[in-house]
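Please walk through this structure one feature at a time, with the coordinates open beside the text.

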Amino acid sequence: MFSSVSKAGASALGLLYNSAEDAKLAFRTKQGGVKRLQGGEAISPNDVAYWSQFYMLFDSASEVYSLITLEDIRQTLILNPVNLQSLITFLSNHLFSLLSSPLFPSPISTSTLTSLLPSRSNSHSSSSSDPTAEALNCLRVLGRILPVLYEAEGLEGSNLGDEEGRRFVQEVLWTKNEAMEEEREEGGELDDEGQFVIDDDEDEEKEDGLGTAEQPSTPGGEKTRQRKVVEVPSLAERLFHTVVDLMFTEGFTLPPGVGGAGGDKVNYCIWERGVGSTVNVGSTAQLDENKVEVLRFFLILLSTPIYTPPPLLPSLPSLPLLLLTHKTERRLVLSLLCSFLNTALNPNPVALLGVLPYSHLLAPGGKGIGGFGGGNAGGKEGREGLRKKALQGLLSGLDYWCEEGTGVQAFGENGEEEVTSKKGNAFRFFVSKLHRKDDLAFILDGILAILAQHLEVANGLLPGSTRAPPMLLEIFMLLWRLIDLNKKFRAYILADEKRTIDVMTYTIFTSLQLKDNLAHHGLLRMCAYILQTLSADPAFGIAITSSPVSLSLPAKYVVPGTAADFLITSIYSITTTSGLNSLFPALTITVTNVAPYLKDLGVQASTRLIQLFSAFSSPAFLLKDEAHPRLVNYMLETFNSVIFHQLSNNPNLVYAILGAHQRFQFLATFTLKAGLREVLRVQQARAVAAEKAKRSESRNGADPGTPTDEKSGLIYRTDSSDNASRQTLDLSREYSSPPPSNPTSNPRPNSTTNLDSTTEEDEEEPRETVAPLMTPGEQQQDPLTSVTSPTAPTTATPVPVMSEKARGKMRERNVEEVPEEGGGENGGGGEEVDDGLLGEELEKLRIGGLGNGGFVPSQEWVTSWQKGLPLDPILLFISELLPKVESLQTSKTQGPNKEIIKFLRSVTLLDVLPPAPPVLARKFLFSQTSQIWLTSLLWGEIYVSGMSPLGLWTGTSVKLFGVKAAPPGRRDIALKNVQSTLTSVFRSSNSNGNVSSSGERRPSAPARHSSSYSLSSRRSSVGGGGAI
C-alpha cells in the first residue's frame, strides 16, 4: 500500500515539475512570454495575467537571468520602450503593495517549503501565492532591467540617442508626480534596548547622533489621518526606501519577534552584535539568503558610476548614491552603517566548518567539489556572499563624493529628516565619529582575522584545503578608509607596537604575494598608500624599529632583523618587479618617512637601500621620465635623515653609503650629455659582451649565465673588458642580473628586471654597483675598493681630507670643473671620446631612445632638478668619514671589521654637518585623480564579483573601466573538457526521453546559468579607463 502511495506521490510531483518547466519554456519561446514585450502592441498596464508572470514564474535568481536576457531588454527598449516602462512600474508597484500587505512576508516554514517546489504560473489565486517569493522575483527582474537602463544613454544602434535615453531614464525613474494621499502620524517607539550604544562623554558625538541611544521623536499616542495633495517621490526614490525597509523587515530579513512597536514589521535595528549594538537579533540561513537578494539589488540600484566616464565622475552626480549618502535620515544611516560593518566583520557562525580542511567546498557559497555543485546553485551565495555584499554596500557609501552642491537639489527640500549637505557624505561623517575603544577593537580584530585567513592559505600544508578570503580587496579598502577618516582608529593602531607591526606585515605580505599578478595591481597600489598613510605618524617608525615581525610568514618572505628590515627589503622586492611604476612614489616616501627613526638596520636592508638608490639614480632611469628625479630626491632625504638623526645607530647603512660614494659624487656633477654618453657606452658594451658570450657558448656548449655556486646568484663577475677583478651587484634592469623576486631570494645572472614599463634593450645601462656588506670577520674583498662609478676609472681613488672651508665650497667647485657638455672624466668609463663623432648619435638617443610617452630630456630640465638635490650633507659626510674608514680597512677582508663597526657606532659629525632640518612626513592626500581611481577600483571589484554566479552587469556597456577576460588556466580547460564530456553523455543517454508519445522530438528547456561561465568570468581582470 505504501509503495503505491509513494508511486502516486512521485507521479504527482513529476507532473507538477513538468508543468512548471513547460510554462518556463513557453515564457521563453512563445509569443505570450517575454517576446511579447518587443512586439508592436502596447501591452495594457492592467493586463495582470501577463505582467504577473514576471513575479510568479521563477524559482531562483539564475532562472531570471537565463529566461530574460539582456538582448530581450535592449530590444524592448529600442522597439517598444512603453512596454518596458509598464513592466518596471507594475513590478515596482507590486513590490510596494507587498511590503504594506499583512500577508507579507510568508511564514518562514511555508516560504522555505514553497521555494523547494516548482512554481505554478497558471494559478494566481491568493491562496496559492507566496508573497516572499513574489517580492524576491520583483527584485530579481528589476535588477535585470536596471543595468540596461543605466547604459541606455550610450546604447549603440538604438533609436534612443544620448538625450533620448537620458530623458527616458529620467522619466521612468526620477520623475515626481502629485497625488492625494493620506498623511498619517505614526505612533509608538521601536524597542532599541542595546542598540546604538556608541556613546561616551564627548558632547560632539551626542550632538551628531552618536551620543545616546536616540529614539524616534514620534509620540506614542493615537494616529491622526488627513488627506492633502502631496508630491509623490520618484519611482527610484520609492524603490530605494522600499529596499532599505526590506533589509529590516521582520520575518523576511529579521527573525520573528523583533518587529517594531505597534505591530510594525519594519524595525531599523542593527543586524548583529558589534559597533553600536551589544545584542544579536539572530538570523537563519533563509534570512541570510533573503539579505543577499536584497543587497544584490541594492548594489545594482547604486551602480550608476559603472556607466559614467571617469572624467565626468566629479561633475555628474549619481542620484542613487546621492540619495543614500546625503538625503537619508540620520537614524537610517546609522542602522545601515552598523549593520553592514558588523555583518562583514563578524566571523561565520558555523565554527566547526571553519577548522576542517576543504570545508569551503561543502559550505553554502562554496564552489563545490571539482567545480560542480556547491552553494551557488540558483544564485545562492551563503554567509560569505552576505558578508562580501554587506561590505561592498558600506564601501559604496563611504566612497561616494561629488563636487560641492552637485545634485543636492535633485530631491527637493525636506531638511528636517535628512543629513544636510553641510556635513557632506553621512557615511563618512559617522565613521569619522567612532571613538569607543570596544568598537575600535572590534573593527580591527575583525579586519586582522580576515587577513590572518589570507596568511593561513599561504602557510597551509594541504593545497587548496582552505579558501582565501573572498573580500581581500574590500577589507584593505575598509582599513584605508578607517585610517584616513578616523584619527582615533589610526591612533588606536599605532598605540601598540604589535598592532602596528601586524597591520604592516599583513599589508606587505599581500603585496609580495600578489605583485606578479596583473589583475591585483590596483590592490598593491592601495597597500602602498596604506603604508604611506601609516608611516606619516612618528609612532609607526618607532614601533617597527623596536620589535621583529611576530607573524608566521612563508620562509621565502622572512627577513632577519626588526620589522624595519622587513619593510625595506620587501619594498625593494616590490619596486624591482616589472609593471609597478605607479607604486614607486608611495613606497619611496614610506621609507623616507620612517628614516629618522631607523636603528640597527641589518646588512641586507642596508644593501637594498643602496641598490634602490643606485637603480633610481642611473642615467637611463633618470632621463626616462620627468618624474623620476623626484624618486632620487626622496632617497637622498632618507640618507640625510639617517645621517642627521641616527648616524651612530646604523653602522651597516653608513658603511654602505660610503661604499657607494662615487654614485653620489657622480650625481653632484651630472649633466645631460654625461648621462647620454654613459647610456650609449653601456649599450655598446652590452652588445660586445653579448656577442662574446654567444661565441663562447657556441665554442664551449655551456651557458655562461648559469651560476656555479651559491654566491653566484648574488655576486657575479663582469666582463674582462671592464675589469676582471671587479665584483659587482646588479641593481636594476640596466644590468644583466635582476633583483630578487622576493625579499630573500637571489637573482640569476644574465636575466632582466624592469624598473620601468619599457622593455627595449637599447635603454639598458649599468649602474653604480655595490658589493653586499658582510658581517665583521668574513673574508671577502673590500666593497669600498670594489665600487665602480660609471664615469670613473676602475681603481677607486680615496677622497682626500679637506678643510671645512674647502668642504663648504666643494660642490660648487665640482660643478665648475665639469664642462657643460659633460665630457672629460664623466664621459665614458675614463676614455676620451671625440664628441664630434658622437654628437649625432647622442642627439638621436635623446630625442627617441630614452623618454616615455614622448618625453625628451633637455639640459635645462636636468639643471632644474640637479641643483635642488640635497647632496651637500652626504658629500660632507663622505669626505669626513671615508678616509678614516679606509685607514681601518685591512687589505685581506671585505666588509666592515670589528674596528670599523666600533668606530661607526661612536662617530659624531655635529661640528661638521649643518643643523638638522625639521622632520617633515609626507602624508597621502586625496586628489580628484586618486578619488576617480579608487572609485573605479571599488566598482571594478563589485563588477567582477557580480560575474559569478549570475553576471549582474556582464554584457553591458561599461564606461568607468575596461574589462579584459584573462586566458583560462589549465584547470579551467580541464574542467571545461570534463563538463563537455558529461554533457554529451547525458544528451546521448536522454535522447529517447525527449521524444513525445506522438514520436515528435520535444525542444529542450533553456539552459540555465552554468558554472562553466563563472569559471572563466571569475578570473577576469579589470583595467583601463579607471586605471584599475
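A convenient starting point is Thr-132, which sits in helix α8. Its relative accessibility is 2%, so Thr-132 counts as buried, the cut-off for that class being under 20%. The C-alpha atoms of Thr-132 and Leu-99 are 9.7 Å apart in space, while 33 residues separate the two in sequence. The model is a predicted one, and local features are reported where pLDDT is at least 70.

Helix α8 comes up again at the cavities. Rolling a probe the size of a water molecule over the atoms shows where empty space is left. There are four cavities of 30 Å³ or more, and the largest has a volume of about 60 Å³. Which elements give two or more residues to the lining of the largest cavity? They are α4 (61-67), α8 (131-150) and α12 (285-301). The lining residues include Ala-61 and Tyr-65, Leu-136, Leu-139, Arg-140 and Gly-143, and Glu-293, Arg-296, Phe-297 and Ile-300. Leu-950 and Leu-952 also line the largest cavity. Sorted by class, this lining consists of eight nonpolar residues, one polar residue and three charged residues. Gly counts as polar and Tyr as nonpolar in this sorting, so Gly-143 falls in the polar class and Tyr-65 in the nonpolar class.

Next come the charged pairs. The model has 24 salt bridges. One of them joins the side chains of Arg-28 and Asp-72, with an N to O distance of 2.4 Å. This pair links distant parts of the chain: Arg-28 belongs to helix α1 (residues 2-29) and Asp-72 to helix α5 (residues 70-79), with their positions 44 residues apart in the numbering. Both Arg-28 and Asp-72 are buried.

A second salt bridge pairs Arg-481 with Asp-399, and here the closest N and O atoms are 3.2 Å apart. Distant parts of the chain are again linked, since Arg-481 is in helix α19 (residues 472-485) and Asp-399 is in helix α16 (residues 382-399), 82 residues apart. Are these two partners buried or exposed? Arg-481 has a relative accessible area of 4% and is therefore buried; Asp-399, with a relative accessible area of 3%, is buried because that value also falls under 20%. Elsewhere, salt bridges that share partners join Lys-24, Asp-59 and Glu-63 into one network.

Another salt bridge is formed by Glu-41 and Arg-36, whose closest N and O atoms are 3.0 Å apart. Glu-41 has a relative accessible area of 41%, which means that this residue is partly exposed.

Cysteines can be treated briefly. A disulfide is a covalent bond between the sulfur atoms of two cysteines. How many disulfides are there by the distance rule? The count is zero. Two of the cysteines can be placed by accessibility: Cys-269 is buried because its relative accessibility is 2%, and Cys-338 is buried because its relative accessible area is 1%.

The backbone has some local features to inspect. The peptide bond from Phe-104 to Pro-105 is cis, with omega near -5 degrees. Pro-105 lies in the loop between α6 (81-100) and α7 (108-116). Ser-948 and Pro-949 are likewise joined by a cis peptide bond, with omega about 10 degrees. The loop that holds Pro-949 runs between α40 (928-945) and β5 (962-964).

Asp-600 is not a glycine, yet it has a positive phi of about 55 degrees. Asp-600 is located in the loop between α25 (584-594) and α26. With a relative accessible area of 42%, Asp-600 is partly exposed, because the value lies between the 20% and 50% cut-offs.

Helix α26 (residues 603-617) allows a check of geometry. Its 15 residues should span 21 Å at 1.5 Å a residue, and the end C-alpha atoms are 21 Å apart, so the two values agree. Of the 15 residues in α26, 14 are buried, and the helix is thus mostly covered.

The last stop is Ser-511, in helix α21 (residues 497-514). Its relative accessibility is 5%, so Ser-511 counts as buried. Ser-511 and Ile-571 are 60 residues apart in sequence, and their C-alpha atoms are 9.3 Å apart in space.

Conventions. Residues are numbered from 1 along each chain as its sequence is written. This is a predicted model: local features need pLDDT of at least 70, side-chain atom pairs count only at pLDDT 80 or more; totals for chains, interfaces and linings use all residues. Side-chain values use heavy atoms; hydrogens and water are left out. A salt bridge is a side-chain nitrogen of Lys or Arg within 4 Å of a carboxyl oxygen of Asp or Glu. Helices (H or I, at least four residues) and strands (E, at least two) are DSSP runs, numbered from the N terminus. Buried means under 20% relative accessible area, exposed over 50%, partly exposed in between (1.4 Å probe, protein chains only). On a 1 Å grid over the protein atoms alone, a cavity is a set of points where a 1.4 Å probe fits but cannot get out, and a pocket is an open set with protein on both sides within 12 Å along at least five of seven lines; lining residues have an atom within 4 Å of a point. Grid points are joined across faces, edges and corners, and a volume is the space filled by probe spheres set on the points. The expected span of a helix is 1.5 Å times one less than its number of residues. A disulfide is a pair of cysteine sulfur atoms within 2.5 Å.
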